[in-house]
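Please look over the backbone of this model and one of its strands. A short report follows the display.

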Amino acid sequence: MTRRDCLQFLAATSAAAAAAASARAAAGDADRETRMKWWHEARFGMFIHWGLYSQLGRHEWVMENEGIPVAEYEKLAATFRPKPNVARDWARLAKQAGQKYMVLTTKHHEGFCNFDSKLTNYCATKQGPGRDLVREYVEAARAEGLRVGFYYSLMDWHHPDGARCATDEQARRRFVDYIHGQIRELLTNYGKIDILWYDVNWPLKPDGWESEKMNEMVYQLQPQIIVNNRNGLRGDFTTPEQTIRASSDQAWESCMTLNGSWGYHKADTDWKTPRTIVRNLVTCAHDAGNYLLNIGPTGDGSIPPESSKVLSATGAWLQRNGESIYKSEKCPGMRSQSAGFTRRGNTLYMHVHYWPGETVALGGLMCKVKSARLPATGKEVKFEQEAFRVRFTGLTDKAPDDPVTTIAIECDGEPRQDMDAVRRTRPRREV
Ligand code: GLC
C-alpha cells in the first residue's frame, strides 16, 4: 500500500466512523438484549491463544518476561509454520466440549497478526504461515455451527509507536489509525463476526484510543456484534479474568485458563480437572454469566492432549446435563456447601459435587416440589418434602454421574431458598 492509499484508507475510516457515531447514538443501547440473546443462551465458549509465542512454549508474555528485543523476536514470524487446517481440530473439539462460540487471538500483545493486513507486513499471509490463519479459523468455526469471536490486543509491543504513543501526539495519531484500521479490516473481510474481544488498553486512556469512535465503527460494520469492555468503555459485557465474579449491573463472562497460562506453556502441567471445570460452569450459570475457557495450541497448532481430555469430559457431561446450563436463568439465593444450583423457569438443578449416598437432602426450599429426576439417565427420583427439608431417596451409593451428579427438581413456583426461615423454626434454647 502506498502512503497515498494509506491516507485515503484512513480518511475513509474516519468519515465512516463519524457517520456511524450519530447512527449509533440514535439507536442507543435499545438493541443490546437482542444482540446478546444467543450469547446468554450459549453460556460456554472456547478461547484460543495462538501466536508466535506458541512456538517457544513459555507463556504468551515471553517477549516481555524475558526482555526479548523486537529484532530477535521477529524471527519467529519466519519459523511459524502451522500444520494445515488446525482450526478444524479446534472447532471440532469446541463442538464436542459443548462450547457454542470461539474467540481467537487475531493479534496478541506481541503484535503479530494472524490475519492478512494491508497495514503491516508482520502478518500471517506475508510471513512463515503464508496463509490467512484467521480466515481458516472463521471457516472452521462456521462449519461446526459455532459463533465467531475475534480477540484483538490494543497494546502492541512490536509497533514502533506502540509505547511512545503515550507521550508523542504524532505517534499516537499514527498508532491509533493503525489500530482502528486493523479492526476495520477484521470486521470487513471475514463476513459476520459475533464478538469483538478487545484486550489491554495500555498505554492510552479511552480518549487517546478514541474508543467511542472505535466502537461506533465496529457497530456500524457489524450491527449484530457484541464487544467487551477492555477498550476502556463499558461495552456489552465485562470480563472477570481467572476468577468468577458476577456483575450486578452488566452481562459478564469469566475467562479462564486450563492450566496457568493462556499461550502454550510446555512446563505448566497444573491442569484443572473436569470436575473443576463443570463446577465453574455451574457457578457461572448460577448468576447468568458465561464461561470462556482457554486452550493454548502449540506452534504447529496442536492442542495439548490434557486440554482435549478435560474438554471432552466436560462435553460428555454437558451432553447429559446441558439442559441445566444452556438457557439457564439467574438463580438467586440458592446455596449449599456441597452442591451448586442453576435454574430454568421453575426447574431447579441441584448439582451435587460431593455425593452423600442413598439420600440427598436440601434445606430451606420455599416451594413445593412436584417431581424430580436425573437428567443423566432420565430416571425419576423419589422424594419426601416436609417443612424445610426435601429428601431425595432411593439413590445409589455411588454417584450416578461423573464428575458431578445433577438432580432436576420441578417446583410449583420459582425456586427460592430461605435459611433464615429454617433458623427461625428452631426452638430457642438457653445457654
Ligand atoms: C491478560 C493478559 C493476556 C491474556 C488476557 C486474557 O490481559 O495480558 O495475555 O490474553 O488476559 O484475558
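Where is Pro 403 found? Pro 403 sits in the loop between strand S14 (389–393) and strand S15 (405–411). The model is predicted. Keep that in mind for each value below.

**Cis peptide bonds**

The bond leading into Pro 403 deserves a look. From Asp 402 to Pro 403 the peptide bond is cis, with omega near 0 degrees. Another cis bond runs from Trp 202 to Pro 203, and its omega is near 5 degrees. Pro 203 belongs to the loop between strand S4 (195–199) and helix H10 (206–209). The table sets out the two bonds.

| Peptide bond | Form | Omega |
|---|---|---|
| Trp 202 to Pro 203 | cis | near 5 degrees |
| Asp 402 to Pro 403 | cis | near 0 degrees |

**Positive phi values**

Stay with the loop between S4 and H10. Val 200 lies there too. Its phi is near 25 degrees, a positive value in a residue other than glycine. Is Val 200 buried or partly exposed? Val 200 has 24% relative accessibility, so it counts as partly exposed. The cut-off for buried is under 20%.

Now move to the other end of H10. Glu 210 is placed in the loop between H10 and helix H11 (211–221). Glu 210 is not a glycine, yet its phi is positive, at about 60 degrees. Glu 210 has 15% relative accessibility and therefore counts as buried.

**Strand S1**

Next comes the strand S1. How many of the residues of S1 are buried? In S1 (residues 44–48), five of five residues are buried, and the strand is mostly covered. In a regular strand the side chains alternate between the two faces of the sheet. Both faces of S1 are covered. On one side, Phe 44, Met 46 and Ile 48 are buried. On the other side, Gly 45 and Phe 47 are buried.

Which strands does S1 pair with? S1 is joined to strand S8 (residues 290–295) by five bridges, and the two run parallel. Ile 48 of S1 has Ile 295 as its bridge partner in S8. S1 is also joined to strand S2 (residues 101–107), here by four bridges, and this pair runs parallel as well. In S2, Val 103 is the bridge partner of Phe 47.

Ile 48 and Phe 47 thus each tie a buried position to a pairing. Ile 48 is buried on one side of S1 and bridges to Ile 295. Phe 47 is buried on the other side and bridges to Val 103.

Key: Residues numbered from 1 in each chain as written. Predicted model: local features only at pLDDT ≥ 70, side-chain atom pairs only at ≥ 80, totals over all residues. Heavy atoms only, no water. Buried < 20%, exposed > 50% of the residue type's maximum accessible area, 1.4 Å probe, protein only. Pairing = 2+ DSSP bridges.
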